[in-house]
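These are my notebook entries on one protein structure. I set down what I looked up, in the order in which I looked.

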Amino acid sequence: MYKTKLTKKFPALVALIVIVLFIAQYFLYIDIKKRNQNASSLSNELSLQINKEDYMISTGKIIQNISGDLNKVHRSIVSSTGDVEFIESLERMAERNNLSVSIDSLYLDVNPKATSSPITPLKMKLKTAGRWSGIYKFLKELESMPVKVKINSYSFMSENSNVSSQDSIVPPSGKWESNVDITVLKYK
């Protein structure tokens with residue numbers, strides 16, 4: 001009799017254990033699913049953070065590279081109060097090359113369309129007199145100044161003759177005159 005009671009209760013017990021195991025398995029499955037979702041979400045957040053950090057690092061490097069270029073650009077433009085200093089540097093350059101220099105005209109070329117621009121062209125017409133080699137060196141130094149100088153036009157003429165440098169291959173000795181029209185950028 002004891003065996004029959006046990007054999008009747010055994011399937012019910014096994015069924016109960018199976019149901020408990022299925023419920024435990026279901027909760028384990030839900031827990032694993034939540035952990036996977038959390039891990040996936042953390043992985044995405046970490047990936048976004050890494051991308052942001054990489055972007056910030058590359059932006060910082062770009063800014064470092066650009067800052068040197070920006071400094072070069074700022075140095076190539078005459079400051080708002082630096083026009084007198086620029087003219088004095090031209091005079092010193094001419095003096096180093098044993099030339100006399102005079103400024104025939106000096107004016108700001110204000111463009112009404114560019115009123116919002118902080119930069120304006122400063123135009124100058126220079127006249128130098130001296131030896132051919134001095135004028136040549138002056139022009140070379142003018143082109144290699146730290147300030148960006150655009151030479152719009154130039155002409156040479158010998159004081160000893162009416163022969164222009166364009167007519168002669170070899171420059172004659174003696175005094176020469178040059179007319180140079182230049183433009184530099186200047187902050188307003």
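The entries below go from the overall fold to the sheet, the helices, the core and some single residues.

**Entry 1: overall make-up**

I note at the outset that this is a predicted model. I looked up the secondary structure and found three helices and four strands. Reading along the sequence, I recorded the pattern α-α-β-β-α-β-β. I then looked up burial: of the 188 residues in the protein, 21% are buried. I also checked how far apart in sequence the contacting residues lie. Of the contacts with a separation of 6 or more, 71% are between residues 24 or more positions apart.

**Entry 2: the sheet**

In what order do the strands of the open sheet stand? I read the order as β1-β2-β4-β3, with antiparallel pairing among the four strands. Because β1 (100–108) and β3 each have a single partner strand, they stand at the edges, and one side of each is left without a neighbour in the sheet. On average, neighbouring strands are turned by 15° against each other, direction ignored.

I next looked up the pairing of β2 with β4, which is antiparallel and extends over 13 bridges. One residue pair I wrote down here is Met124 with Ile182, its bridge partner in β4.

**Entry 3: helices against the sheet**

I asked which strands α2 lies across. The helix α2 lies across β1, β2, β3 and β4, and it runs at about 20° to β2. For α3, I found that it lies across β2, β3 and β4. The angle of α3 to β2 is about 160°.

**Entry 4: the nonpolar core**

I looked up the largest nonpolar core, which has 22 residues. Which of its residues touch the most other members? They are Phe86, Leu90, Leu142 and Ile182. I then listed the elements that give two or more residues to this core: α2 (83–96), β2 (119–131), α3 (132–143), β3 (149–158) and β4 (175–187). The largest share, five residues, comes from α2.

I followed Phe86 further. Residues up to four places away in sequence aside, Phe86 touches Val78, Met124, Met145, Val147, Val149, Ile182 and Val184. Two of the names in that list, Met124 and Ile182, are the bridge partners I had recorded for the sheet.

**Entry 5: aromatic residues**

I looked up the aromatic pairs and found four in the structure. I also recorded one aromatic cluster, formed by Trp132, Tyr154, Phe156 and Trp176.

**Entry 6: Ser178**

I turned to Ser178, which is found in strand β4. Is Ser178 buried or exposed? Its relative accessible area is 1%, so I entered Ser178 as buried. The side chain of Ser178 is joined to that of Thr128 by a polar contact of 2.3 Å. Leaving aside neighbours within four places in sequence, I listed the contacts of Ser178 as Leu126, Lys127, Thr128, Ile135, Ser155 and Phe156. Of these, Phe156 had already appeared in my entry on the aromatic cluster.

**Entry 7: Asn97**

My last search concerned Asn97, which lies in the loop between α2 and β1. I entered Asn97 as buried, because its relative accessible area of 9% falls under the 20% limit for that class. What does Asn97 touch beyond residues up to four places away in sequence? I found Gly134, Lys137, Phe138 and Glu141.

Terms used. Residues are numbered from 1 along each chain as its sequence is written. This is a predicted model: local features need pLDDT of at least 70, side-chain atom pairs count only at pLDDT 80 or more; totals for chains, interfaces and linings use all residues. Side-chain values use heavy atoms; hydrogens and water are left out. A nonpolar core is a set of buried Ala, Val, Leu, Ile, Met, Phe, Trp, Tyr and Cys residues joined through side-chain atoms within 4.5 Å. Buried means under 20% relative accessible area, exposed over 50%, partly exposed in between (1.4 Å probe, protein chains only). Contact means heavy atoms within 4.5 Å. Two strands pair if DSSP finds at least two bridges between them. Axes are lines fitted to C-alpha atoms, for helices over the stretch in contact, and angles run from 0 to 180 degrees between N-to-C directions. Rings of Phe, Tyr and Trp (its six-membered ring) pair if their centres lie within 6.5 Å; planes under 30 degrees apart count as stacked, over 60 as edge-to-face and the rest as tilted. A polar contact is a pair of N or O atoms within 3.5 Å; within protein, one must be able to donate a hydrogen and the other to accept it, and residues adjacent in sequence count only if both atoms are side-chain atoms.
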